[in-house]
Amino acid sequence: MESTVASKLEALMRLQQIDSQLDEIRRVRGDLPEEVRDLEDEIAGYEVRVNKFDEEIQGLNDTIAARKQAIKDSENLIRKYEDQQSNVRNNREYDAITKEIELQRLEIQISEKKIKEAYYQIEQKNNDIAGTKQKLEERRKDLDSKNGELQVIVSESEEEERQLLAEREAASKAIEDRLLSAYSRIRQNVRNGLAVVAVKRDACGGCFNTVPPQRQSDIASHKKIIVCEHCGRIFADVEQKVA
């Protein structure tokens with residue numbers, strides 16, 4: 001048998017009550033879950049930065065090693081050319097060898113300069129690593145602290161939340177897909193998460209705009225689902241005025 005409008009509204013109101021309780025649990029946690037995620041992302045970023053610096057330093061050390069080997073090679077060539085100078089047959093050969101020696105000495109000077117620059121860059125990157133590791137350590141301490149706070153809060157409400165989630169799943173199954181989809185859409189679009197409300201003191205329990213008497217009568221009759229013409233929330237009932 002198809003559910004009556006009254007039973008549909010009752011199921012929606014039950015779901016709203018459960019969701020409001022879950023919202024309150026999450027409100028108590030505040031921004032802590034988001035702060036924890038942000039700290040985790042920041043820490044991951046610092047770790048990537050340190051690894052990148054380490055790779056760059058390794059590359060600079062490889063450059064230094066290659067340049068030192070190049071210096072040795074040039075020195076060997078210079079000795080070889082100097083030996084050859086002793087056995088030249090004319091000035092032309094002597095000048096050619098002299099130019100080769102000068103070229104190798106220039107190569108040595110260039111390599112020495114590159115080595116000096118690489119050592120300077122390594123020093124700068126080590127400073128960057130030290131600064132980054134200091135920030136990393138600080139953020140890890142912050143994360144431990146925030147995680148501790150969050151775990152305390154979660155542990156206090158964990159069982160209640162688990163029970164409410166089970167109740168929510170059961171309550172959701174009692175609502176047809178079309179209504180459940182509308183309910184979820186309204187909840188996403190309103191600030192306080194209230195998709196189903198009652199008329200209180202002649203006003204919408206969500207946006208507090210006035211609800212005309214005839215409309216209140218239609219809502220109270222539970223013959224059809226009526227939404228607030230101002231905010232779109234579903235009206236479940238009309239609270240009786242206290243004399």
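Select helices α2 and α3 together, and look at how they pass each other: the crossing of α2 and α3 is left-handed. The model you have open is a predicted one, and in it the axes of α2, which covers residues 32-85, and α3 come within 6 Å and cross at roughly 165°. Angles over 145 degrees count as roughly antiparallel, and α2 and α3 are therefore roughly antiparallel to each other.

Keep α3 selected, since Gln-124 is part of that helix, which runs over residues 91-173. Is Gln-124 buried, partly exposed or exposed? With a relative accessible area of 31%, Gln-124 is partly exposed, because that class takes in whatever falls between the 20% limit for buried and the 50% limit for exposed. If you add Glu-35 to the selection and draw a line from C-alpha to C-alpha, Gln-124 and Glu-35 turn out to be 32 Å apart in space, while 89 residues separate them in sequence.

Next, hide α2 and bring in α1, leaving α3 in view. How close do the axes of α1 and α3 come, and at what angle do they cross? The axes come within 10 Å, and the crossing angle is roughly 160°, so that α1 and α3 are, like any pair at over 145 degrees, roughly antiparallel to each other. The crossing in which α1 passes α3 is left-handed. To see what makes the contact, show side chains on both helices: among those taking part are Leu-15, Ile-18, Leu-22 and Ile-25 of α1, together with Ile-153, Leu-164, Leu-165 and Ala-171 of α3. Charged names appear in the list as well, including Arg-14 and Asp-19 of α1 and Glu-160 and Arg-168 of α3.

Move on to helix α4, residues 177-189. At 1.5 Å a residue, its 13 residues should span 18 Å, and this agrees with the 18 Å between its end C-alpha atoms. Colour Leu-179, Leu-180, Ala-182, Tyr-183, Ile-186 and Arg-187, which are buried in α4. These buried residues lie on the same side of α4, because they cover an arc of only 160° around the axis. An α-helix has 3.6 residues a turn, so residues three or four places apart point the same way. Turn the view to the other side of α4, and you find Asp-177, Arg-178, Gln-188 and Asn-189, which are exposed. What do the buried residues of α4 pack against? Their partners are α1 (5-29), α3, β1 (196-200) and β4 (234-238).

Within α4, centre the view on Leu-179, which is buried because its relative accessible area is 5%. Leaving aside neighbours within four places in sequence, Leu-179 is in contact with Lys-8, Leu-12 and Ile-225. For a contrast in distance, select Arg-79 too: Leu-179 and Arg-79 are 100 residues apart in sequence and 92 Å apart in space, C-alpha to C-alpha.

The last two stops concern the backbone. Most residues other than glycine have a negative phi. In the loop between β1 and β2 (203-204), select Arg-201, whose phi is positive at about 55° although it is not a glycine. Arg-201 counts as exposed, because its relative accessibility is 82%. Then go to the loop between α5 (213-221) and β3 (226-227), where His-222 is found. His-222 has a positive phi near 55° and is a residue other than glycine, and at 23% relative accessibility His-222 counts as partly exposed.

Conventions:
Residues are numbered from 1 along each chain as its sequence is written. This is a predicted model: local features need pLDDT of at least 70, side-chain atom pairs count only at pLDDT 80 or more; totals for chains, interfaces and linings use all residues. Side-chain values use heavy atoms; hydrogens and water are left out. Helices (H or I, at least four residues) and strands (E, at least two) are DSSP runs, numbered from the N terminus. Buried means under 20% relative accessible area, exposed over 50%, partly exposed in between (1.4 Å probe, protein chains only). The expected span of a helix is 1.5 Å times one less than its number of residues. The arc is that of the directions from the helix axis to the C-beta atoms. Contact means heavy atoms within 4.5 Å. Axes are lines fitted to C-alpha atoms, for helices over the stretch in contact, and angles run from 0 to 180 degrees between N-to-C directions. Angles under 35 degrees count as roughly parallel, over 145 as roughly antiparallel, 65 to 115 as roughly perpendicular and the rest as oblique. A crossing is left-handed if the near helix is turned anticlockwise from the far one by less than a right angle, and right-handed if clockwise.
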